Amino acid sequence: MFTTIVAALAGTLLGTFTGLFPGIHVNLAASILVFWGAKWIAPDALALIILTMAITHTFLDNIPAVYLNTPDADHVLASQPGQLLLLQGRGHEAVKLLTTGALLATILGTTLTPAFIWLFPLAMHHLQPFLAIILLFALTTFILREKDANTRIWATIVVLASGTLGLLTLRSTLNEPLLPLLSGLFGISALTISFLQHVVIPEQYATDQETTRPTATLTATLLGTLAGGTIALLPGLGPSQAGTLVGRTTGTSALILTGAINTANFVISLSTMHALTKSRNGALEIVLGLIHTLDEHTLLIYTILALLTAGLATIITLSVSKHAARLLCKTNYHTLSITVITLVVALVLWFSGTLGLLVLITGAAIGLIPHLTGCNRSHAM
């Protein structure tokens, strides 16, 4: 029990760092942790650290997604309403809404675990022969839902360009390919726009104003949890695609929905691991490699830890966000953008070398297309 508690707290601490640091994807952090820790930490304890780190990460990375305009692939749908609130001096409220969705989805997702365990094998048995058709249909739907013919053309270009880049990168011998790939497509591109536009962030107020009706909150949470469950079952889809399939939710509901999808996807993926012995999540794939199988007893422990970690991560996220809101108005956003870009470039060079830098630059160029043409950034996934 003591080892479990220590591992959970260590994972929460690491998840706080990875979530706050732009450019560090949780899958990268999990890979590094296994590389350096496998010789010193028992596999079961290491799996617990990665589990709690990943859950905490889904909460804390709401902060850079809002305040630094560096949304990763999981936060693309929420970036616009989050930035609108930030420019109104209400960035903390955006973080709070994302966190609310994440916490409620954790509670609902863990409650529905028995249902998912029963449903997933049954659903996969019927869907497996048609997976390619389903994914092609989903991709076509994403493009057709653009507002006009011009943005649909640009969306198609983004899909083809980012798909080609992803195919070449993931089939290469590049070390940690997801770091330059996702950082370029979703991080550097957004930071470059902020830099070129000379964004001025107004004074921030760490308010606790309620901005969403309880019924809207519960509806967004339910939709987010169900969407998170869907992508926990189907391969190839991420949170941003799930949000697009759910509907064109706008404003504060979009923030709750996004927060719910991100965390629900991870929590419900535990059911996928148990029921199908497969994982649709990179960090959980590493966990599965450490423990080999997720039996009922271990699933129960992981579920309890997920709930406890979500509660602790909520407290940490809201506390850090209030400090970030106060510090942001004293910070030169232009300088901050350059600093974050420099750090991401340094990370890519360190882990992926010059080839990784080439992927980063190419991804950033592709990631700029949605900003310049008005199509959805989620197409880059």
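Select Thr113 first, in this predicted model. Thr113 lies in helix H7, which covers residues 113-127. Is Thr113 buried or exposed? Thr113 is buried, because its relative accessibility is 9% and buried means under 20%. Now display what lies around Thr113. Leaving out residues up to four places away in sequence, Thr113 touches Ser271 and Leu299.

**The whole chain**

Zoom out and colour the chain by secondary structure. How many helices and strands does the protein chain have? There are 16 helices and zero strands. The chain holds 381 residues, and buried residues make up 53% of them. Take the contacts with a separation of 6 or more: 81% of these are between residues 24 or more positions apart. Thr113 with Ser271 and Leu299 was the starting example of a contact.

**Helices H1 and H3**

Select residues 2-20 for helix H1 and residues 43-60 for helix H3. Their axes come within 6 Å and cross at roughly 40 degrees. How does H1 lie relative to H3? H1 is oblique to H3, because roughly parallel is kept for angles under 35 degrees. The crossing of H1 and H3 is right-handed. Colour the residues of this contact by class: 10 are nonpolar, 11 are polar and none is charged.

**Helices H3 and H14**

Keep H3 on screen and add helix H14, residues 282-291. The axes of H3 and H14 come within 9 Å, and the crossing angle is roughly 165 degrees. H3 and H14 are therefore roughly antiparallel, since that term applies to angles over 145 degrees. The crossing of H3 and H14 is left-handed.

Next, show the side chains where H3 and H14 meet. On H3, select Pro43, Asp44, Leu46, Ala47, Ile50, Leu51 and Ala54. On H14, select Ala283, Leu284, Ile286, Val287, Leu290 and Ile291. By class, this contact has 12 nonpolar residues, no polar ones and one charged one.

**The loop after H14**

Follow the chain out of H14 to His292. Where is His292 found? His292 sits in the loop between helix H14 and helix H15, the latter covering residues 296-328. The backbone angle phi of His292 is near 70 degrees, a positive value in a residue other than glycine. Most residues other than glycine have a negative phi. Turn on the surface at this point: His292 is exposed, because its relative accessible area is 61% and exposed means over 50%.

**Helices H8 and H9**

Select residues 131-144 for helix H8 and residues 149-170 for helix H9. The two pack at an angle of about 140 degrees, and their axes are 8 Å apart. Why are H8 and H9 called oblique to each other? The angle of about 140 degrees does not go over 145, so H8 and H9 count as oblique and not as roughly antiparallel.

Which residues make this contact? From H8 they are Leu139, Ile143 and Leu144, and from H9 they are Arg152, Ala155, Thr156 and Val159. Five of the contact residues are nonpolar, one is polar and one is charged.

**Two neighbours in H11**

Go to helix H11, residues 214-233, and pick Ile231. Ile231 is buried, because its relative accessibility is 2%. Draw a distance line from the C-alpha atom of Ile231 to that of Asn281: they are separated by 9.7 Å, while the residues are 50 apart along the chain.

Now pick Thr230, which is also found in helix H11. Is Thr230 buried or partly exposed? Thr230 is partly exposed, with a relative accessible area of 37%. Draw a second line, from Thr230 to Phe120. These two are 110 residues apart in sequence, yet their C-alpha atoms are 9.5 Å apart in space.

**A salt bridge to finish**

How many salt bridges does the count come to? The count comes to one. Select Arg90 and Glu93 and show their side chains, which meet in a salt bridge with a distance of 3.2 Å, N to O. Side chains of opposite charge can pair when their charged atoms come close. Compare how the two partners sit relative to the surface. Arg90 counts as partly exposed, because its relative accessibility is 21%. Glu93 is buried, with a relative accessible area of 1%.

Note on methods
Residues numbered from 1 in each chain as written. Predicted model: local features only at pLDDT ≥ 70, side-chain atom pairs only at ≥ 80, totals over all residues. Heavy atoms only, no water. Salt bridge = Lys/Arg side-chain N within 4 Å of Asp/Glu carboxyl O. Buried < 20%, exposed > 50% of the residue type's maximum accessible area, 1.4 Å probe, protein only. Axes fitted to C-alpha atoms, helices over the stretch in contact; angles between N-to-C directions. Helix = DSSP H or I, 4+ residues; strand = E, 2+ residues; numbered from the N terminus. Parallel < 35°, antiparallel > 145°, perpendicular 65-115°, else oblique. Contact = heavy atoms within 4.5 Å. Nonpolar A, V, L, I, M, F, W, Y, C, P; charged D, E, K, R; others polar. Left-handed = near helix turned anticlockwise from the far one by under 90°.
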